[in-house]
Amino acid sequence: MKIICVGRNYAEHAKELKNEVPSAPVLFMKPKTAILLPGKAFYYPEFTKDLHYECELVVRISSNGKHIQEKFAHKYYDSVTLGIDFTARDLQQEQKKKGLPWEIAKAFDGSAAVGSFIPLKEGIDINNITFQLDKNGEAVQNGNTADMIFTVNHLIAYISTFFTLNIGDYIFTGTPAGVGPVHINDRLEGHMFGEKVLDVAIL
Ligand code: MG
């Protein structure tokens with residue numbers, strides 16, 4: 001399986017990091033070893049002094065596909081959850097300055113925390129899902145998929161132009177504004193559809 005991540009998919013977040021709003025989706029990948037399963041603690045890595053959370057809607061692919069048309073993209077996923085795209089912001093800034101790839105800042109072990117997947121029932125509009133991230137019990141990110149620059153279905157069409165999507169792949173669809181640092185002993189909790197779907201302790 002693979003994890004495909006989208007950068008700068010919410011205009012307010014692009015602004016807070018002083019990035020331009022992109023004209024095409026910005027993609028990067030994380031390996032399978034990046035997954036942090038529900039219930040597992042995250043251990044603060046020794047190679048960063050500025051670890052950030054980025055809470056994102058995560059879509060699970062349920063059919064194999066290549067060159068998927070946007071109008072059929074909804075047939076290729078069946079469940080969603082919230083995830084944290086953990087980012088070593090200090091390393092990322094250094095890499096960006098040098099024009100080098102981001103992997104050491106974003107694709108390290110445990111950097112893709114995922115919550116419990118919720119099946120998409122009839123009537124759920126993928127383009128209008130509200131979600132919230134709490135840090136130590138206080139809301140730090142409030143998102144709605146309506147604010148995405150590129151919709152989930154557009155992303156699937158675009159991604160599948162380059163990469164065959166396989167059953168079980170995850171797509172991290174980008175973070176809304178409000179990203180920030182985490183520290184040892186912090187706790188991140190993600191809420192969607194009126195329930196807590198994500199709970200990560202930082203140790
Ligand atoms: Mg992200």
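**Chat about a predicted model**

Me: Leaving aside its neighbours within four places in sequence, which residues is Val 80 in contact with?
Reply: Apart from those neighbours, Val 80 is in contact with Leu 57, Val 58, Val 59, Ser 116, Phe 117, Ile 118, Leu 120, Ile 126, Met 192 and Phe 193, where contact means heavy atoms within 4.5 Å. This is a predicted model, in which local features need pLDDT of at least 70 and side-chain atom pairs count only at pLDDT 80 or more, while totals for chains, interfaces and linings use all residues. Residues are numbered from 1 along each chain as its sequence is written, and side-chain values use heavy atoms, with hydrogens and water left out.

Me: Is Val 80 buried or exposed?
Reply: Val 80 is buried, and its relative accessible area is 0%; buried means under 20% relative accessible area, exposed means over 50%, and partly exposed lies in between, using a 1.4 Å probe and protein chains only.

Me: Where is Val 80 found, then?
Reply: Val 80 is found in strand E6, and strands (E, at least two residues), like helices (H or I, at least four residues), are DSSP runs numbered from the N terminus.

Me: How many helices and strands are in the protein chain?
Reply: The protein chain has 15 strands and four helices. Its radius of gyration is 16 Å, close to the 17 Å that the globule rule gives for 203 residues, so the chain is as compact as a globular protein of that length. That radius is taken over C-alpha atoms, and the rule is 2.2 Å times the number of residues to the power 0.38. Buried residues make up 51% of the 203 residues, and the C-alpha trace spans about 45 × 40 × 30 Å along its principal axes.

Me: Switching topic, what are the protein donors of the magnesium ion?
Reply: They are Glu 54 (OE), Glu 56 (OE) and Asp 85 (OD), which lie 2.0 to 2.1 Å from the ion. Donors are N, O and S atoms within 2.8 Å of the metal (3.2 Å for Na, K and Ca), and water is not among the atoms, so sites may look incomplete.

Me: How are the donor residues spaced in sequence?
Reply: The spacing is E-x1-E-x28-D. Glu 54 lies in the loop between strand E4 (51-53) and strand E5 (55-61), whereas Asp 85 is in strand E6 (residues 77-85), so the pair ties together parts that are 31 residues apart in sequence. Both Glu 54 and Asp 85 are buried.

Me: And the open sheet, what is the order of its four strands?
Reply: The order is E11-E10-E14-E15, with antiparallel pairing; two strands pair if DSSP finds at least two bridges between them. Strand E11 (138-144) and strand E15 (195-201) stand at the edges with a single partner strand each, so one side of each is left without a neighbour in the sheet.

Me: How many bridges join E10 to E11?
Reply: Six bridges join these antiparallel strands, and one of the partnerships links Thr 130 with Asn 144 in E11. E10 and E11 form a hairpin with two residues between them, and in the turn Asn 136 has a positive phi of about 50°. On its pairing with E14 (residues 187-192), E10 (residues 130-135) has five bridges, and there the bridge partner of Gln 132 is His 191.

Me: Last one, where is Phe 162 placed?
Reply: Phe 162 is in helix H4 (residues 152-162), and at 47% relative accessibility it counts as partly exposed.
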